[in-house]
Amino acid sequence: MAPKHILDFKLKMLNLYNRYIPAFFKQRKHHHANMSKELLEAHNSLRNDNSIIVTKPDKGNGVVVLNRADYVSKMEDILSGASKFSLSSNDDNLQNLTKFQRFLYRLQKKNSLSEEDYHRMYPTSASTPSLYGLPKTHKPGNPMRPIISAMGSFNHEAAKCFSNVLAPLRHHSTIVRDTFSFVKEIQNNDLRGCVMASFDVKSLFTNIPLKFTTNLIVKSLFHDGCTQFQGISQTQMKKLLKWICQSITFQFSGKFYKQIDGVAMGSPIAPLLADVIMNHVIDEALTKINVQNKPIVLWRYVQ
């Protein structure tokens, strides 16, 4: 293995490339041609003011201007949750890149991965993800929704690939696609005399019990004596899910952190994990409710 100072230097160069080169070409493509001189000057003035954060709200359209100190304080409050996040002394993404490459190589050599999937998932860079927050302007106190920008991270393509492969596990009889589908379902059912109640899961992604949920996935894939899923054994699948869902070190305000439990909003596989655990919770709840107390209809969707 190369000395630590060489690995650190290589990681910094990869991060610089992944962060600034794509942004440079994006800025050249979108050159604010439709902005007036006054709007462009105002835009640049706000962008260069280090005492504020200019962002968008968590839901809906618009622009939100935040005091930077308040923004950082709210984000650090989220990161202080010892059961979800831990401070890391260093950035180990480059080391994990090498380990994950070797793991995928072994799977491919054992014919557990096709050539196509292997090349699709095989990472060539290890950009360090960054954490940012979007203010929930629709809630009191404007709390932050933490999002980890994982583009360019060593397991991002693998997470994207397997979120598609495992997509059938998201299906459930209670799921509706959006509010329009919800309204249609109501119109198609005679609900006169019924009481409608709605429930919201607080901070769903960060509260997903990761180990329990990945075990649910493995149990669903390897049932009734099934020993392989698309050429992958149960042991290999557990290791692969661990690599995809964990092992990422991210940065915020000059510090490095790891997410101990829960799922990062921003990971391609996060919506699938959320649906898997909610399917399980609903199924368990419905089996334990007395017949007279069961809901007549039950639907759910993610906004």
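The following legends describe close-up views of a predicted model.

**View 1. A positively charged surface patch involving helix α4****.** Five named side chains, Lys99, Arg102, Arg106, Lys110 and Lys239, gather on the surface as a patch of positive charge. Helix α4 (residues 93-109) supplies three residues, the largest share of this patch. Lys110 lies in the loop between α4 and α5 (115-121). With a relative accessibility of 56%, Lys110 is classed as exposed, because the threshold for this class is over 50%.

**View 2. The buried residues of helix α6 and their cover****.** Helix α6 spans residues 156-165, and its buried residues are His156, Ala158, Ala159, Cys161, Phe162 and Ser163. The elements covering these buried residues include α4, α5, β7 (232-233), α9 (234-245) and α10 (270-288).

**View 3. A nonpolar surface patch that includes Leu46****.** Leu46, Val54, Val63 and Val65 make a nonpolar patch of about 350 Å² on the surface. Leu46 belongs to helix α2 (residues 37-47). The relative accessible area of Leu46 is 40%, which makes this residue partly exposed.

**View 4. The surroundings of Thr55 in strand β1****.** Thr55 is placed in strand β1, which covers residues 52-55. Thr55 counts as buried because its relative accessibility, 17%, is under 20%. When residues up to four places away in sequence are not counted, Thr55 touches Gly62, Val63, Val64, Leu66, Gly133, Leu134 and Pro135.

**View 5. A salt bridge within helix α5****.** Arg120 pairs with Asp117 in a salt bridge, in which the closest N and O atoms are 3.4 Å apart. Both residues lie in helix α5, where Arg120 and Asp117 are three residues apart, or about one turn of the helix. An α-helix has 3.6 residues a turn, so residues three or four places apart point the same way. Arg120 is partly exposed, its relative accessible area being 38%.

**View 6. The salt bridge between Asp190 and Arg192****.** The closest N and O atoms of this salt bridge are 2.9 Å apart. Asp190 is exposed, with 55% relative accessible area, and Arg192 also counts as exposed, at 73% relative accessibility.

**View 7. The salt bridge between Asp275 and Arg300****.** The side chains of Asp275 and Arg300 meet at 3.3 Å, N to O. This pair links distant parts of the chain, with Asp275 in helix α10 and Arg300 in the segment after α10, 25 residues apart. Asp275 and Arg300 are both buried.

Note on methods:
Residues numbered from 1 in each chain as written. Predicted model: local features only at pLDDT ≥ 70, side-chain atom pairs only at ≥ 80, totals over all residues. Heavy atoms only, no water. Patch = residues over 30% accessible without salt bridge, like charges linked within 9 Å, V, L, I, M, F, W, Y side chains within 5 Å. Areas by Shrake-Rupley, 256 points an atom, 1.4 Å probe, with all protein chains shown as cover. Salt bridge = Lys/Arg side-chain N within 4 Å of Asp/Glu carboxyl O. Lys, Arg positive; Asp, Glu negative; His and termini not counted. Charge placed at Lys NZ, Arg CZ, Asp CG, Glu CD. Helix = DSSP H or I, 4+ residues; strand = E, 2+ residues; numbered from the N terminus. Buried < 20%, exposed > 50% of the residue type's maximum accessible area, 1.4 Å probe, protein only. Contact = heavy atoms within 4.5 Å.
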